[in-house]
Structure formats: structure tokens, C-alpha cells
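Colleague: I'm new to this and would like a close look at one part of this model: the salt bridges. Could you walk me through them, pair by pair?

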Amino acid sequence: PVFSSLIVQVQKFVVSNFVPSSVDAITVYAGRFSKNAASLTAAGIFFLGITGLLLIFTIEEAFNDIWRVTWQRRLLRRIAFSWAALILGPLMIGASLSLTSYLISLSMNLVHPANTAYVFFLKAVPPALTAAALSLLYYAVPNRAVAPRDALIGGAVAGLCFEALKHGFGFYVTHFPTDKMVYGAFAMVPIFLLWIYLLWLIVLAGAVLVAELPEWRGNTTATRHTPGSDFFHALRALELMWRAKGEGRPV
């Protein structure tokens with residue numbers, strides 16, 4: 001409700017920059033969606049929460065594969081962690097969307113602009129929130145100890161890539177309208193799926209970077225011999241051969 005005075009202008013801004021040929025359809029669907037979301041029942045909220053948990057589980061499994069984790073958290077710990085992520089994530093997203101909506105209203109002269117330093121600060125906050133959310137994701141989701149420094153580096157790089165993706169994707173949509181020519185009013189569907197695909201690639205690339213940072217640092221100190229390292233590597237080799245024997249495959 002707090003955005004009721006801006007919703008019409010924001011809708012016109014979005015549809016005029018993406019799919020001008022389907023303004024009426026998008027406006028009707030957006031209004032219907034917001035109305036349904038406002039009247040969500042307890043059962044709907046429950047199933048929405050279950051869907052969110054399944055999404056977090058999928059992200060956790062992907063991250064564990066990247067970090068080569070072979071064991072999972074206990075079910076109760078996974079559920080508790082997932083609920084925490086579902087609570088913190090929307091809060092950060094809501095804060096970022098609130099600032100973005102305010103910036104859009106500034107660009108459309110709907111509110112009186114503040115001083116230049118204040119506007120610059122507002123423009124810097126959404127990327128910072130995105131980087132913080134991604135850093136928290138890289139630090140907490142894998143079932144393995146992750147150095148806070150590595151998580152911050154990965155979150156910052158992924159956040160910058162996300163900002164670059166927003167500008168590049170907007171340039172593509174406005175200058176190469178081939179999707180609209182092929183799909184017409186349904187052009188938003190493939191465009192949206194492409195956006196989700198590219199966003200997921202950025203999240204996974206950041207996770208790979210965070211997982212590889214310790215390896216890169218380890219390669220720079222590979223000549224240092226630590227006590228017990230030979231014994232550890234021998235146990236690791238035995239574990240690999242034991243697992244391969246149980247699965248009936250060569251090493």
C-alpha cells in the first residue's frame with residue numbers, strides 16, 4: 001500500500017521500456033497479481049513457504065556440489081537455516097526495491113530530488129545490498145567452513161556482475177527487439193526466463209570463485225611442508241579408493 005501513489009507511473013515506466021505492444025495485458029496481470037498477493041490465505045502462505053524451502057534446498061545442493069561437500073546437514077538444521085534465509089532474503093530485497101522505486105520516482109520527477117551526494121548514496125546502496133546478500137549466501141549456505149574474506153570477495157564480484165547484467169540486459173531488450181517480433185504479447189515470458197538463467201549463472205560463478213580462492217592461495221604456498229600433510233594425503237587417497245571400490249568404478 002505504501003507504493004499506491006506510484007504504482008501507475010511505475011507500471012507505465014516498465015511496460016514502455018520493455019514491451020509497449022502489450023501494455024494493457026501486463027497492467028491487468030500486474031494488478032491481478034498484487035491483489036492476489038495482498039489477499040493470500042494461510043494455506044497459500046504455507047505452500048509458498050514450502051516452495052521457498054525447496055528453492056533453498058536446490059541452491060544448497062548446487063553449492064555443496066561446487067564445494068565438493070559429500071555430506072548434508074541434518075534435516076532440522078537445514079529447515080531452520082532455510083527459514084532464516086527466507087526471512088533475511090526478502091528483507092534485503094525489499095530494502096533494495098524500496099530504494100530502486102524511489103530512484104525511479106526521482107527520474108520521473110514524481111518527487112523532489114535531494115542533493116547530489118544523497119542521490120549518489122542511494123544509487124550505491126542497492127548494489128551494496130546485493131553484494132551483502134550474495135556474500136551471506138556464499139558464507140552460510142555451503143556445508144563447509146568458508147572464510148568471510150572469500151565470501152565478501154565473491155559477493156562483491158557477483159554484485160558488480162549483476163549490476164553490469166542489468167545495464168547490458170536493458171540495452172539488449174531495447175535495441176534488439178527480436179523477441180517481441182517473434183512472440184508478440186508473450187515476449188515477456190522468454191525474456192524473463194533468459195533473465196533468470198543469466199542471474200543464476202552469475203550466482204553460480206560467484207560460488208565457484210569463492211570455492212576456488214583457497215585453492216589459489218594454497219598453490220602459492222604449495223612448497224611449504226606442514227607436519228602431518230603426507231599422512232592426510234595418504235588417508236585421502238585411501239578414502240577415494242574405498243569409495244571407488246564400493247561403487248565399482250576405477251579411480
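**A walk through the salt bridges**

Modeller: Sure, let's start with a pair that spans the chain. Arg 68 and Glu 212 make a salt bridge, with their closest N and O atoms 4.0 Å apart. Arg 68 sits in the loop between H3 and helix H4 (75-107), while Glu 212 belongs to helix H8 (residues 188-220), so this pair ties together parts that are 144 residues apart in sequence. Keep in mind that we're looking at a predicted model.

Now, are the two partners buried or exposed? Arg 68 counts as exposed, because its relative accessibility is 56% and the cut-off for that word is over 50%. Glu 212 comes out at 23%, so we call it partly exposed.

Why would such residues pair up at all? Side chains of opposite charge can pair when their charged atoms come close.

How many salt bridges are there by this rule? The count comes to 6, so let's visit a couple more.

Go to helix H6 (residues 148-175), where you'll find both Glu 163 and Lys 166. They're 3 residues apart, which is about one turn of the helix. Their side chains meet in a salt bridge, at 3.3 Å from N to O. Glu 163 counts as buried, because its relative accessibility is 14% and buried means under 20%. Lys 166, at 37%, counts as partly exposed.

Next stop is helix H9 (residues 229-247), home to Glu 239 and Arg 243. Here the spacing is 4 residues, again about one turn of the helix. The side chains of Glu 239 and Arg 243 form a salt bridge at 3.2 Å, N to O. Glu 239 is partly exposed with a relative accessibility of 28%, and Arg 243 is partly exposed too, at 34%. This pair has company: Arg 236, Glu 239 and Arg 243 are linked in a network of salt bridges.

One more glutamate deserves a look before you go. Glu 60 is in helix H3 (residues 42-66), and its relative accessible area is 0%, so Glu 60 is buried. What does Glu 60 touch, leaving aside its neighbours within four places in sequence? Glu 60 is in contact with Gln 72, Arg 73, Arg 78 and Val 141.

To recap the pairs, Arg 68 and Glu 212 tie together parts 144 residues apart in sequence, whereas Glu 163 and Lys 166 both lie in helix H6, and Glu 239 and Arg 243 both lie in helix H9.

Note on methods. Residues are numbered from 1 along each chain as its sequence is written. This is a predicted model: local features need pLDDT of at least 70, side-chain atom pairs count only at pLDDT 80 or more; totals for chains, interfaces and linings use all residues. Side-chain values use heavy atoms; hydrogens and water are left out. Helices (H or I, at least four residues) and strands (E, at least two) are DSSP runs, numbered from the N terminus. Buried means under 20% relative accessible area, exposed over 50%, partly exposed in between (1.4 Å probe, protein chains only). Contact means heavy atoms within 4.5 Å.
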